[in-house]
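User: Please take a close look at one part of this chain and tell me what surrounds it. I am a first-year student, so give the cut-off for each term you use.

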Amino acid sequence: MTQTAIKGQEILDAFHFRRAIKTFDPTKKISEDDFNVILEAARLSPSSGGYEPWKFLIIQNPEFREKLKEISPGAQGTLPTASHFVIILARTIKDTKYDSEYLKNQWLNVVGYPAEMYDQIKDAYKDFQENQQNTLVNERTMLDWAGKSTYIPFANMMTAAALLGIDSCPIEGFYRDKVQKLLEEENLLEDGHLAVSTMVAFGYRANEPEFPRGRKDMKDIVQWIK
């Protein structure tokens, strides 16, 4: 495999380019090749324990987008204009509990651990969930933990897009229960194995951002312990 080195300034330029674009140019569409790169960035993202507790819904149907628009105040400009609109789902306790069939398949058939290691791995993640991170309190704490993992591909997709000169907008402005209900009605949640986490839109900006972007100085957010 040939790797092309990216210079540090090119990476920083992509981060400076990336803005939360609220309205896209509806006449400009992302090419299939470029969007596949964005999806591959999501697929290759790391996850705790190799769980990959996510799924990505690409919402291109206009009628579906209109239904979503009614219950997503933060996506009023992006849903009608985005080239591609993504809902990121998180796996529920049905899949993420240490002894689930999902994880057994994930560890043995996806990650590729030897079968004789399964009980050892399961016990290690039982300790992780019950004692180290205390995530196994209830279904919501487990979903919150999985939701944290979805923010890794969430960010990587936007960074990959920026490196390609493609705009994006992260979206949390939606009525979670109503979106959840809509997805359930459309049979998109695998019978309770998935739940909505967040959304992100992609396209090409219609206009330059109106306001400058502020960030704290490095000295205000970084402390070196030497």
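Analyst: The part chosen here is threonine 198, which is in contact with Val86, Ile87, Ile88, Tyr151, Phe154, Ile171, Glu172 and Phe174, if its neighbours within four places in sequence are left aside. Contact means that heavy atoms lie within 4.5 Å. The model is a predicted one, in which local features need pLDDT of at least 70 and side-chain atom pairs count only at pLDDT 80 or more, while totals for chains, interfaces and linings use all residues. Residues are numbered from 1 along each chain as its sequence is written, and side-chain values use heavy atoms, with hydrogens and water left out.

Threonine 198 belongs to strand E4, which covers residues 194-203. Helices (H or I, at least four residues) and strands (E, at least two) are DSSP runs, numbered from the N terminus. Threonine 198 has a relative accessibility of 0% and therefore counts as buried. The cut-offs are under 20% relative accessible area for buried, over 50% for exposed, and partly exposed in between, with a 1.4 Å probe and protein chains only. A polar atom of the threonine 198 side chain lies 3.1 Å from the backbone oxygen of isoleucine 171.

Two of the contact partners, Tyr151 and Phe154, deserve a look of their own. Both are in helix H8 (residues 139-163), and they are 3 residues apart, about one turn of the helix. Phenylalanine 154 is buried, at 6% relative accessibility, whereas tyrosine 151 is partly exposed, at 29%.

The whole structure holds 10 aromatic pairs. With ring centres 4.9 Å apart and planes at 80°, tyrosine 151 and phenylalanine 154 form an edge-to-face pair. Rings of Phe, Tyr and Trp (its six-membered ring) pair if their centres lie within 6.5 Å; planes under 30 degrees apart count as stacked, over 60 as edge-to-face and the rest as tilted. Elsewhere, ring pairs join Tyr51, Trp107, Tyr118, Tyr125, Phe128 and Trp145 into a cluster.

Helix H8 also packs with helix H1 (residues 8-17), at an angle of about 105° and with the axes 8 Å apart. Axes are lines fitted to C-alpha atoms, for helices over the stretch in contact, and angles run from 0 to 180 degrees between N-to-C directions. H1 and H8 are therefore roughly perpendicular to each other. Angles under 35 degrees count as roughly parallel, over 145 as roughly antiparallel, 65 to 115 as roughly perpendicular and the rest as oblique. On the H1 side the meeting residues are Glu10, Ile11, Ala14, Phe15 and Phe17, and on the H8 side Thr159, Ala162 and Leu163.

Phenylalanine 17 has a further partner: arginine 205 lies over the face of its ring, 4.5 Å from the ring centre. A charge sits over a ring if NZ of Lys or CZ of Arg is within 6 Å of the ring centre and within 35 degrees of the ring normal.

As for the chain as a whole, it has 10 helices and 4 strands. Of its 226 residues, 38% are buried. Among contacts between residues at least 6 apart in sequence, 79% join residues at least 24 apart.

For contrast with buried threonine 198, take lysine 219, which is exposed at 64% relative accessible area and is found in helix H10 (residues 218-221). Lysine 219 and valine 86 are 35 Å apart, C-alpha to C-alpha, and 133 residues apart in sequence; valine 86 is one of the residues in contact with threonine 198.

Definitions and conventions: A polar contact is a pair of N or O atoms within 3.5 Å; within protein, one must be able to donate a hydrogen and the other to accept it, and residues adjacent in sequence count only if both atoms are side-chain atoms.
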